Amino acid sequence: MKARTLNEEQVAQFCLGLPGAREDYKWGGVRVFSIAGNKMFAVQHLRGDSLAFKVDQELFLGHVDRPGIAPAPYLARAHWIIMNTPYPLGASELEALLQRSHQLVVSKLPKRVQVGLLL
């Protein structure tokens with residue numbers, strides 16, 4: 001049985017459901033999900049029909065070795081990966097990675113800002 005997958009709108013709704021998340025459109029139609037004003041944790045349409053987000057530094061190379069996943073242009077040095085639609089990951093794994101991306105960004109914020117954003 002094939003794992004349930006998410007479409008672009010389901011990913012957007014999941015991202016917006018994370019604490020403090022908001023969305024903006026930048027760079028000619030790129031959908032950016034961020035917290036604390038301007039700290040990005042996920043981006044849709046960075047390159048075509050795609051999704052990019054931050055992953056743990058020690059897991060970055062393992063992720064980009066997987067089929068359908070590549071280093072994100074301009075953001076790979078910050079350990080971001082990118083994948084095109086249809087996303088090559090099942091819904092539960094993708095949701096867990098997006099939540100982790102959110103929390104990686106939250107962990108870099110000042111302690112006073114982290115309150116209410118931690119899961």
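Student: Is W27 buried or exposed, and what is its relative accessible area?
Tutor: Happy to look at that one; keep in mind that the model is predicted. W27 sits in the loop between strand 1 (22–26) and strand 2 (30–35), and its phi is positive, about 50 degrees, although it is not a glycine. Exposed means over 50% relative accessible area. W27 therefore counts as exposed, with a relative accessible area of 54%.

Student: Which residue in the loop between strand 5 (69–71) and strand 6 has a positive phi although it is not a glycine?
Tutor: The residue in question has a phi of about 70 degrees. It is exposed, with a relative accessible area of 71%. The residue in that loop is Y74.

Student: Where is the cis peptide bond, and what is its omega?
Tutor: Look at the loop between strand 6 (80–84) and helix 3 (91–106), which holds P86. The cis bond joins T85 and P86, and its omega is about -5 degrees.

Student: Which strands stand at the edges of the sheet, and why is one side of each left without a neighbour?
Tutor: Start from the strand order, which is 1-2-3-4-6-5 in an open sheet of 6 strands with antiparallel pairing. The strands at the edges each have a single partner strand, so one side of each has no neighbour in the sheet. Those edge strands are strand 1 and strand 5.

Student: Which residue in strand 6 stands opposite L51?
Tutor: Strand 4 covers residues 50–54 and runs antiparallel to strand 6, with 5 bridges joining the two. Opposite L51, strand 6 places M83.

Student: What angle does the direction of helix 3 make with that of strand 4?
Tutor: Helix 3 packs on the sheet. The strands it touches are strand 2, strand 3 (39–44), strand 4 and strand 6. Its direction and that of strand 4 make an angle of about 45 degrees.

Student: Which element gives the most to the largest nonpolar core, and how many residues does it give?
Tutor: That core has 29 residues, and those with the most contacts inside it are F41, F53, M83, L94 and L98. Elements giving two or more residues include helix 1 (8–16), helix 2 (60–64) and strand 3. The one that gives the most is helix 3, with 6 residues.

Student: How many residues are in the other core, which lies apart from the largest one?
Tutor: Nonpolar side chains tend to be buried together in soluble globular proteins. Here, the other core includes V30, A52, L75 and W80. Its count is 9 residues.

Definitions and conventions: Residues numbered from 1 in each chain as written. Predicted model: local features only at pLDDT ≥ 70, side-chain atom pairs only at ≥ 80, totals over all residues. Heavy atoms only, no water. Helix = DSSP H or I, 4+ residues; strand = E, 2+ residues; numbered from the N terminus. Buried < 20%, exposed > 50% of the residue type's maximum accessible area, 1.4 Å probe, protein only. Pairing = 2+ DSSP bridges. Contact = heavy atoms within 4.5 Å. Axes fitted to C-alpha atoms, helices over the stretch in contact; angles between N-to-C directions. Core = buried A, V, L, I, M, F, W, Y, C linked by side-chain atoms within 4.5 Å.
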